[in-house]
Amino acid sequence: MIEVRSKYPRTEYMEAPRSACSGCALPLAFRYFLKVMGEKVVFILPPGCSPVIVNVPRRILRHEGQLIRILLALFGSAATFAGGFKTGLIERGDTETEVVAWAGDGATLDIGLGPVSAAAERNEDIIFVCCDNEAYMNTGNQRSSATPLWATTTTNPPPIPKGQWKKDIMAIMAGHGIPYAATLTVAYPEDFMKKVETAKNMRGFRFLYILTPCPTGWRFHSEETVKVSRLSVETNVFPLFEVMNGIHFVINKEPVGTPLERYTAIQGRYAHLTSQQIGEIQEKVEQRWKWLKWLANYKK
Amino acid sequence: MIKVITGNEAAALGALLCRPNVVCAYPITPQTEIPERLSEASGKGLLKGKFVNVESEMSAIGYIIGAAEAGVRVFTATSSQGLAWMHEGLHFAAGGRLPIVLVNVNRPLALPWNLTCDHSDSLSQRDTGWIQFYCESCQEVLDTVIQAYKVAESISLPCMVCLDGVYLSYVSESVDIPDQEKVDQYLPPRQTILEMPCPEERDNRFRLFKKDPPGLADDYEQSDFMTNRYQLQKIESQCVGTVIEANKEFETLFGRGYPPIEEYRCEDAEVVLILSGSAVGTSRYVINMLRDEGYKVGLVKLKMFRPFPKDLLRRALLGKKKVAVIDRDISPGQCGIIYQEIKWALNTQAQPPWVPVYGFVSGLGGADITAKLIRRAILFTLMEDPPQEEVIWLGPVKAVGDDYDRSAIKIS
């Protein structure tokens with residue numbers, strides 16, 4: 001038997017979720033996140049999959065029998081609520097508790113983009129986590145601005161998949177010059193937890209962007225969540241990188257040259273893809289990867 | 001200390017005296033002076049709490065909801081479009097029982113664009129569960145902000161203090177500014193219902209019964225919703241009493257007070273005029289004038305609109321022959337909003353008085369409610385039979401196909 005050595009605690013802050021779809025990446029994200037973050041944390045949850053998973057049928061985030069505090073926020077206001085809550089805590093003399101806004105792609109890239117941008121501009125001392133499952137999954141898979149090119153959703157059904165490129169929230173956040181922004185996936189737990197730790201040890205607005213593959217919406221087998229996550233990184237669809245102060249880019253995983261088809265072929269939302277469309281996505285992915293490399297080569 | 005200040009400055013000073021921990025407001029005409037003054041105070045170190053510049057009213061309410069959830073005293077101010085932009089936050093704050101104080105400078109919503117006074121912005125938020133006060137003078141604005149914290153924090157409900165855009169917000173009056181020590185005595189620091197880190201440990205002090213679920217934002221179960229609203233309704237029904245108490249205490253400390261409704265020369269009055277806001281001042285003048293002429297008329301100033309002080313009104317209007325209501329708002333397709341409420345209050349009880357109520361609509365979008373118009377309304381009520389129409393237009397109205405008619409009503 002192989003002994004797994006990890007510097008991260010074995011403590012679990014989460015009971016088994018009962019209302020997540022099987023194969024959902026969100027419970028994994030919560031689990032890894034809390035392992036590093038510990039119990040001195042308050043979650044601000046806007047509507048989305050996450051509040052349902054951790055609250056229904058009952059609260060499942062706890063530590064030694066105590067509930068970890070969760071505050072439900074308005075859809076567009078997670079970042080603002082979190083900023084206000086943090087300021088309130090500081091006013092009461094509590095500077096330690098970490099306030100985490102934990103939102104989906106809708107609450108971050110779409111309805112909440114203004115408040116997220118404003119909180120970043122004010123450099124609120126919070127961690128903003130965006131769990132991107134590339135559509136409004138809580139309401140049953142409708143198109144969001146995070147839905148990738150040529151993917152289908154219930155509001156972009158075949159034969160008319162989404163014809164626009166996915167909004168680049170990392171570039172937007174980097175544009176604010178915030179202390180820390182990073183991309184994470186559940187396929188690389190060590191990398192995941194390292195980034196959460198980095199964020200935890202910094203102050204100011206920290207942005208963690210987690211790709212959370214959704215078997216229900218993306219239509220892949222529920223045991224393949226980690227595989228899909230890994231393929232998203234290996235194909236450069238979702239590169240793992242960090243941005244410090246908006247200008248210093250660090251790439252964490254170099255590509256291994258996996259062809260894009262391996263990522264798209266196992267997902268039902270891409271079932272209709274033509275080779276021309278695949279070529280189009282491939283070309284864009286390569287362009288953006290080159291651009292990222294160019295950014296990462298910037299030296300002071 | 002007596003100072004000549006505008007209504008906006010009075011609101012800002014009132015808030016400052018209450019020592020809020022977090023102040024967060026987005027500028028909008030005619031409210032802009034309030035965040036400016038508070039930001040200035042923050043720069044000078046007079047505001048000990050934090051002043052936060054946000055990017056919209058939605059975020060102003062969001063930010064202070066967050067801070068109020070963390071257990072500190074908060075303040076915001078807005079107007080018109082801004083209040084509408086806050087709308088979902090208003091419901092959220094009331095359902096979450098957060099003692100937020102919000103100053104709203106009354107201005108109607110577009111279209112047509114209008115930057116002056118009208119009560120329709122705050123009255124259309126009547127079903128959010130917020131306590132609503134309307135002010136007559138700059139002094140009352142300052143004092144009501146202080147009282148609002150007292151009321152809001154003692155029963156854990158958000159409270160809106162409304163002042164007339166332009167007529168109060170930009171008008172300077174002499175205002176007696178209370179001493180900080182006295183305000184501190186009246187208003188101790190906020191006691192919090194929230195104890196970190198988990199809601200089960202919360203202090204039960206502010207709940208109606210020990211066993212009540214907290215009804216706060218972290219409750220998710222849908223079955224709690226009716227319980228939450230049941231409690232909200234229950235606490236709202238106690239609210240008038242709380243306001244009277246808070247006002248009594250204020251009166252003993254500061255020598256002036258503002259009851260939920262104020263009766264002015266109503267003793268033997270046959271016709272009673274009801275309205276709220278800055279036009280009350282003009283109405284007092286008209287009532288005095290009419291009394292001098294021998295008419296038996298009186299005035300009821302409606303300061304508190306939510307919860308609606310129905311019992312006080314019923315008592316005040318007992319035995320009166322007719323009631324005139326001047327609404328500075330309209331619910332299109334129905335009638336004036338205060339008129340609806342008064343009519344309801346007077347006609348939904350087993351016992352009389354079933355008093356005929358005349359519903360005037362006047363002063364929309366900053367049109368003047370002049371002494372002449374008020375006089376005309378009172379005399380119309382006194383002399384004419386109750387009209388068929390629910391809305392009697394008072395003031396300049398250009399009806400479709402009509403010539404510009406300065407008097408929509410004619411007194412025989």
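**Two helices across an interface, and the sheets behind them**

Let me begin with two helices that belong to separate chains: H3 of chain A and H3 of chain B are oblique to each other, since their axes cross at roughly 40 degrees, which is neither under 35 degrees, as roughly parallel would require, nor within the range from 65 to 115 that counts as roughly perpendicular. I should say at once that this is a predicted model, so please keep that in mind throughout. The axes of these two helices come within 6 Å, and H3(A) passes H3(B) in a right-handed crossing.

If you look at the residues that make this contact, you will find from H3(A) a run that includes Thr80(A), Phe81(A), Ala82(A), Gly83(A) and Gly84(A), while H3(B) brings, among them, Ser59(B), Gly62(B), Tyr63(B) and Ile64(B). By class, the contact has seven nonpolar, eight polar and one charged residues.

How many residues does each chain give to the contact between chain A and chain B? Chain A gives 28 residues and chain B gives 31 residues. On the side of chain A, the elements that supply two or more residues are helix H2 (49–55), strand E3 (66–67), E4, H3 and helix H5 (113–121), and the largest share, ten residues, comes from H3(A). That side of chain A divides into 13 nonpolar, eleven polar and four charged residues.

Let me stay for a moment with H5(A), whose buried residues are Pro115(A), Val116(A), Ala118(A), Ala119(A) and Ala120(A). What covers these buried residues includes H3, helix H4 (105–110), E6 and helix H6 (169–175) of chain A, and also H3 of chain B. Just after H5(A) comes Asn123(A), whose phi is positive, near 50 degrees.

Now to the sheet of chain A. It is an open sheet of eight strands, in the order E4-E1-E5-E6-E8-E7-E9-E10, and its pairing is mixed. Strand E4 (70–72) and strand E10 (248–251) stand at the edges with a single partner strand each, so one side of each has no neighbour in the sheet. On average, neighbouring strands are turned by 20 degrees against each other, with direction ignored. Within the sheet, strands E6 (residues 127–132) and E8 (residues 206–211) of chain A run parallel and are joined by six bridges, and one pair you can look up is Cys130(A), whose bridge partner in E8(A) is Tyr209(A).

The helix we started with returns here, because H3(A), which spans residues 78–91, packs on this sheet, touching strand E1 (41–45), E4, strand E5 (98–104) and E6 of chain A, and its direction makes about 170 degrees with that of E5(A). Helix H7(A) also lies across the sheet, over E5, E6, strand E7 (180–185), E8 and strand E9 (241–244), running at about 160 degrees to E7(A).

H7(A), residues 189–200, has a helix partner as well: its axis and that of H1(A), residues 26–37, come within 9 Å and cross at roughly 45 degrees, and the two are therefore oblique to each other. H1(A) passes H7(A) in a right-handed crossing, with a contact that includes Tyr32(A) and Phe33(A) from H1(A) and Phe192(A) and Met193(A) from H7(A). The residues of this contact divide into eight nonpolar, no polar and three charged.

Let us turn to chain B, which has an open, mixed sheet of six strands in the order E9-E11-E10-E13-E14-E15. Its edge strands are E9 (261–264) and E15 (392–394), each pairing on one side only, and the twist averages 25 degrees from one strand to the next. Strands E10 (residues 271–275) and E13 (residues 322–327) of chain B run parallel, joined by four bridges, and in E13(B) the bridge partner of Leu273(B) is Ala324(B). Helix H12 (residues 337–347) of chain B packs on this sheet, with its direction at about 150 degrees to that of E13(B), and helix H13 (residues 371–383) of chain B packs on the sheet too, touching E10, E11, E13, E14 and E15.

I will finish with a single residue, Leu17(B), which sits in helix H1 (residues 7–17) of chain B. Is Leu17(B) buried or exposed? Leu17(B) has 22 other C-beta atoms within 10 Å, and because 20 or more count as buried, Leu17(B) is buried. Its contacts include Ile146(B), Pro178(B) and Gln180(B), and with Gln180(B) the C-alpha to C-alpha distance is 6.1 Å, although the two are 163 residues apart in sequence.

Definitions and conventions: Residues numbered from 1 in each chain as written. Chains lettered and ligands numbered in written order. Predicted model: local features only at pLDDT ≥ 70, side-chain atom pairs only at ≥ 80, totals over all residues. Axes fitted to C-alpha atoms, helices over the stretch in contact; angles between N-to-C directions. Parallel < 35°, antiparallel > 145°, perpendicular 65-115°, else oblique. Left-handed = near helix turned anticlockwise from the far one by under 90°. Contact = placed C-beta atoms within 7 Å. Nonpolar A, V, L, I, M, F, W, Y, C, P; charged D, E, K, R; others polar. Buried ≥ 20, exposed ≤ 12 C-beta atoms within 10 Å, placed from the backbone. Pairing = 2+ DSSP bridges. Lists of a residue's contacts leave out its neighbours within four places in sequence.
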